[in-house]
Amino acid sequence: MARHRTALLVCAAVIATVTAGCDSGGAETGAGQPDVATLQTATAASPAPKASPTVEAPRFRLDDTDADRAAKRKPYDDCLKEHGLDVIAIRQKRKPAVSDAAREAANKACEPLNPLPPWEEDPTNPKARDFTYAVVKCLKAKGVDVELSPDGSSYGYRGSPDDPGDVEKDMNLAQSCRREVAKTNY
């Protein structure tokens, strides 16, 4: 019984000491901050490094309009241009192509701004292949000559170079199927 009482008194003393050490009692340091118990000494304290702001890339959505997509892509395109890679001018041959090193540096600097694919089609989504398969099934049901890639992550249209088919119609049907499938469990 005496042993239990001694253990209880030791526990009570430890709790009282810890509680007293954590209670600032309203005291403040000269900087106007509460005086809080710490394991660091005043000489060991150093300013915390400033965290670099994290930039999160926007994510395209299946229901984005062309204007939505352009708005989400604008910061990325502007960044590339600031780094000497005006993709639009290069495509339109208004500006000469840049070196591979310059292209790689611009892409590396701007990658955090590059919009992510819709979640349903994102390779990091465990259901993305199921989604793609369902879209292909929908397209085939609508009469589109489409083929699933061997790894199941994408699809392509089978039209031959002699008869490419109605690409715009197929693209519109693909957009329609993507939205239909997304309304299910994806």
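This note sets out numbered points on a predicted model of a protein chain.

1. Overall architecture. The protein chain contains six helices and two strands. Along the sequence these elements follow the pattern α-α-α-α-α-β-β-α. Among contacts in the protein chain with a separation of 6 or more, 53% join residues 24 or more positions apart.

2. Burial and surface. The protein chain has 186 residues, of which 21% count as buried. Its exposed area is about 14100 Å². Carbon and sulfur atoms supply 56% of that area.

3. Geometry of helix α2. Helix α2 spans residues 66-82 and has 17 residues. From its first C-alpha to its last it reaches 24 Å, close to the 24 Å expected at 1.5 Å a residue. The helix nevertheless bends, by about 40° at K74. A proline, P75, follows K74 within four residues. After α2 comes G84, whose phi is positive, near 85°.

4. Packing of helix α2. Which residues of α2 are buried? They are K72, Y76, C79 and L80. The cover over these buried residues includes α3 (87-91) and α4 (100-110).

5. Salt bridges involving α2. A search of the whole structure finds eight salt bridges. One of them joins the side chains of K72 and D64, at 3.0 Å from N to O. K72 belongs to the buried residues of α2. D64 has a relative accessible area of 9%, and because buried means under 20%, this residue counts as buried too. A further salt bridge links the side chains of K81 and D86, with an N to O distance of 3.8 Å. D86 stands at 15% relative accessibility and is therefore also classed as buried.

6. The R61-D63 pair. The side chains of R61 and D63 meet in a salt bridge of 2.8 Å, N to O. Are these two residues buried or partly exposed? R61 is at 49% relative accessibility, under the 50% that exposed residues exceed, so R61 counts as partly exposed. D63, with a relative accessible area of 41%, is likewise partly exposed.

7. Surroundings of L116. L116 lies in the loop between α4 and α5 (128-141). At 32% relative accessibility, L116 counts as partly exposed. Which residues does L116 touch, leaving aside those up to four places away in sequence? The contacts are with A57, P58, R59 and F60. L116 and R61 are 55 residues apart along the chain, and their C-alpha atoms are separated by 9.2 Å. The same R61 takes part in the salt bridge with D63.

8. A nonpolar surface patch. Y157, V167 and M171 form a nonpolar patch on the surface. Together these three residues have about 270 Å² of accessible area. Y157 is located in strand β2, residues 155-157. Why can Y157 belong to such a patch? Patch members need over 30% relative accessible area, and Y157 has 32%, so Y157 passes this cut-off while counting as partly exposed.

9. Points to inspect together. For α2, the bend at K74 may be viewed alongside the buried residues K72, Y76, C79 and L80. For the region before α2, the R61-D63 salt bridge may be viewed alongside the K72-D64 salt bridge.

Note on methods: Residues are numbered from 1 along each chain as its sequence is written. This is a predicted model: local features need pLDDT of at least 70, side-chain atom pairs count only at pLDDT 80 or more; totals for chains, interfaces and linings use all residues. Side-chain values use heavy atoms; hydrogens and water are left out. The expected span of a helix is 1.5 Å times one less than its number of residues. The bend at a residue is the angle between axes fitted to the seven residues ending there and the seven starting there. Buried means under 20% relative accessible area, exposed over 50%, partly exposed in between (1.4 Å probe, protein chains only). Contact means heavy atoms within 4.5 Å. A salt bridge is a side-chain nitrogen of Lys or Arg within 4 Å of a carboxyl oxygen of Asp or Glu. Patches are made of residues with over 30% relative accessible area and no salt bridge: like charges are joined within 9 Å, nonpolar side chains (Val, Leu, Ile, Met, Phe, Trp, Tyr) within 5 Å. Accessible areas come from the Shrake-Rupley method with a 1.4 Å probe; for residues, only the protein chains shown count as cover.
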